[in-house]
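Please prepare a briefing on the structure shown below, grouped by topic, for a reader who works at the bench. The points should cover helices, salt bridges, individual side chains and the surface.

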Amino acid sequence: MPPLPPGSRQPAFLQTLHMRDPVRYFETLRRRHGPVFRMKLLGFPPQVVVSTAELAAEIYRTDGDGNRAGALRAGYVPWLGQHSLLTNDGEEWWRHRKLLSPTLHGRSIAGYPGLIAEIAAQDIRTWPLGRPFALREHMQTITLEVILRLVFGVRDAEQGARLRAGLIDLSKATGSAALFLTPARLRAWAQRSPLAMRLPFLPTTRAAQAVRTVDGILFAEIARRRAEADVDADDVLGRLLRARDDAGRPLGDQEIRDELLTLLEAGLETTATGLSWTFERLMRNPEVLARLQEEVERGEDDTYLDAVVKEALRSRPVIFGMGRLLDEPLRLGAYEVPAGWVAIPMFSLIHQDRSVYPDPGAFRPERFLGDDAKPAQKSFLPFGGGRRYCVGAQLATMEMKIITREVLRHVRLSPADPAPEAQRMWHATLIPGKHAVAVAREQPLKRRTPAEEPKCPVHPAPSGEKPAGK
């Protein structure tokens, strides 16, 4: 029988403490044990980590019948509900995937670029000039407004203000490291316990209160939109209200609520953080920044901008890994992982694979350009892989490119401190340690006619999915 992978022999509570700096800990374990290693964290099943794209593909092959990724995630994002794409499995997951996917691909989002650029420009005009400020806070403001307008379809100013405040509180309450590192069983007990729910300082209590507030707003908004029956609404909520599955069934209010919160969870912090890292990396690589700024000013196509965004997500992945709870044993190289364990493609390690990305610490968008880019593309996994590839990847990439371009059209950025910002864990994401502190200076804005405006191409949907309208 093949052996278990090697790994740390430290007690689980000591290994959990290392998660304060997960990137360094994972790199240490890879150096000691090789491309496959095991670890154990408090409150979680035993975990096996892989650090190459080839081994990740072996894990993704279990997506059809051999794992329960949703059950694994349900333990640490219970507020998303049982119908969420992140917490669901089996046929019900596939039903929701087929209903949600067309709203985030192809023709459904083809009209979004102008509005995203308008939202970004409006916030950029408020940025302070000539003094340091945190870019990440502004990226969060922009991406939240995009979600309000394009996902929730909010138009009323008062309703938008209430939902905006509620979603900010929800993001803070559910995104705390204290909540994420609380063992799943303890978290579940605290959320069921009347006594625990009366203790306002507990992270579980704060999260539950924030969820209740947002739920009240969302269910009222869903009811209002159902009553309107607007057949022309092009926001995600409007499309979900009209969606029907193969049997002609619509989505219920709870199902729609769960998917709206899923899009918030998967799209707000991740996109804002990806943008923050993009500018953090650009500011510390002035030659790349100068070339991109010049191409934006000339109205070049998105080829180099696309490579810059990819290199930012490669060098500073927002999500360090996403696991699968195995239903049956899995062979990984010379080792076998038992059923009931978690297998994790670790993006933060895969993106540093020297055999694919020579000098991985360098910021080189050219990795994703030209005829030699195929290996880099194959190992590029910021949105995961397999059947559960991120449903919002196309919209997120479009959003990052449009916002990056809009920033460079309005201001010139430089780092407040030349030293790179460290990667710091926030919930399940890796954010810039100082929130991407920058200094902005005014950029003479070259006005372009609509014909001169660069187009943001709409990429095809992931394999196995049909773009909307096809």
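In this briefing a residue is called buried when its relative accessible area is under 20%, exposed when it is over 50%, and partly exposed in between, with a 1.4 Å probe and protein chains only. The model is predicted, so local features need pLDDT of at least 70 and side-chain atom pairs count only at pLDDT 80 or more, whereas totals for chains, interfaces and linings use all residues. Residues are numbered from 1 along each chain as its sequence is written, and side-chain values use heavy atoms, with hydrogens and water left out. Helices (H or I, at least four residues) and strands (E, at least two) are DSSP runs, numbered from the N terminus.

**Salt bridges**

- Across the whole structure, a search finds 33 salt bridges, each being a side-chain nitrogen of Lys or Arg within 4 Å of a carboxyl oxygen of Asp or Glu.
- Arg68 and Asp327 form a salt bridge in which the closest N and O atoms are 2.6 Å apart. This pair links distant parts of the chain, 259 residues apart, with Arg68 in the loop between helix 3 (53-60) and helix 4 (69-74) and Asp327 in the loop between strand 4 (324-325) and strand 5 (330-332).
- Arg68 is partly exposed, with a relative accessible area of 35%, and Asp327 is also partly exposed, at 34%.
- Asp245 pairs with Arg249 in a salt bridge whose closest N and O atoms are 2.8 Å apart; Asp245 is buried, with a relative accessible area of 11%, whereas Arg249 is partly exposed, at 45%.
- Arg412 and Glu297 meet through their side chains in a salt bridge of 3.2 Å, N to O. Because Arg412 lies in strand 8 (residues 411-415) and Glu297 in helix 15, the pair ties together parts that are 115 residues apart in sequence.
- Arg412 counts as partly exposed because its relative accessibility is 41%, and Glu297 is partly exposed, with a relative accessible area of 29%.
- Glu92, Arg95, Asp245, Arg249 and Glu255 are joined into one network by salt bridges that share partners.

**Helix 16 and Gln377**

- Helix 16 (residues 303-315) has 13 residues, which should span 18 Å at 1.5 Å a residue, and its end C-alpha atoms are indeed 18 Å apart; the expected span is 1.5 Å times one less than the number of residues.
- Of the 13 residues of helix 16, 12 are buried, so this helix is largely enclosed by the rest of the structure.
- Among the buried residues of helix 16 are Tyr304, Leu305, Val308, Val309 and Leu313, and the charged residues Asp306, Lys310, Glu311 and Arg314 are also on that list.
- The buried residues of helix 16 pack against helix 14 (253-283), helix 15 (286-298), helix 18 (374-378) and helix 19 (393-410), where contact means heavy atoms within 4.5 Å.
- Gln377 has its place in helix 18 and counts as partly exposed, at 32% relative accessibility.
- Not counting residues up to four places away in sequence, Gln377 touches Lys310 and Phe368; the C-alpha atoms of Gln377 and Lys310, which are 67 residues apart along the chain, are separated by 9.1 Å.

**Helix 2**

- Helix 2 (residues 22-33) has 12 residues and reaches 16 Å from its first C-alpha to its last, close to the 16 Å expected at 1.5 Å a residue.
- The buried residues of helix 2, which are Pro22, Val23, Tyr25, Phe26, Thr28 and Leu29, pack against helix 1 (12-17), strand 1, helix 17, strand 9 (423-426) and strand 10 (429-432).
- Gly34 follows helix 2 and has a positive phi, near 100°.

**Two buried loop residues**

- His105 is placed in the loop between helix 5 (90-100) and helix 6 (113-124), and it is buried, with a relative accessible area of 1%.
- The side chain of His105 reaches the backbone oxygen of Val391 at 3.4 Å.
- Gln352 lies in the loop between helix 17 (347-350) and helix 18, and at 16% relative accessibility Gln352 counts as buried.
- Gln352 touches Arg30, Arg314, Ser315, Pro360 and Gly361, not counting residues up to four places away in sequence.

Conventions:
Polar contact = N/O pair within 3.5 Å; in protein donor to acceptor, adjacent residues only side chain to side chain.
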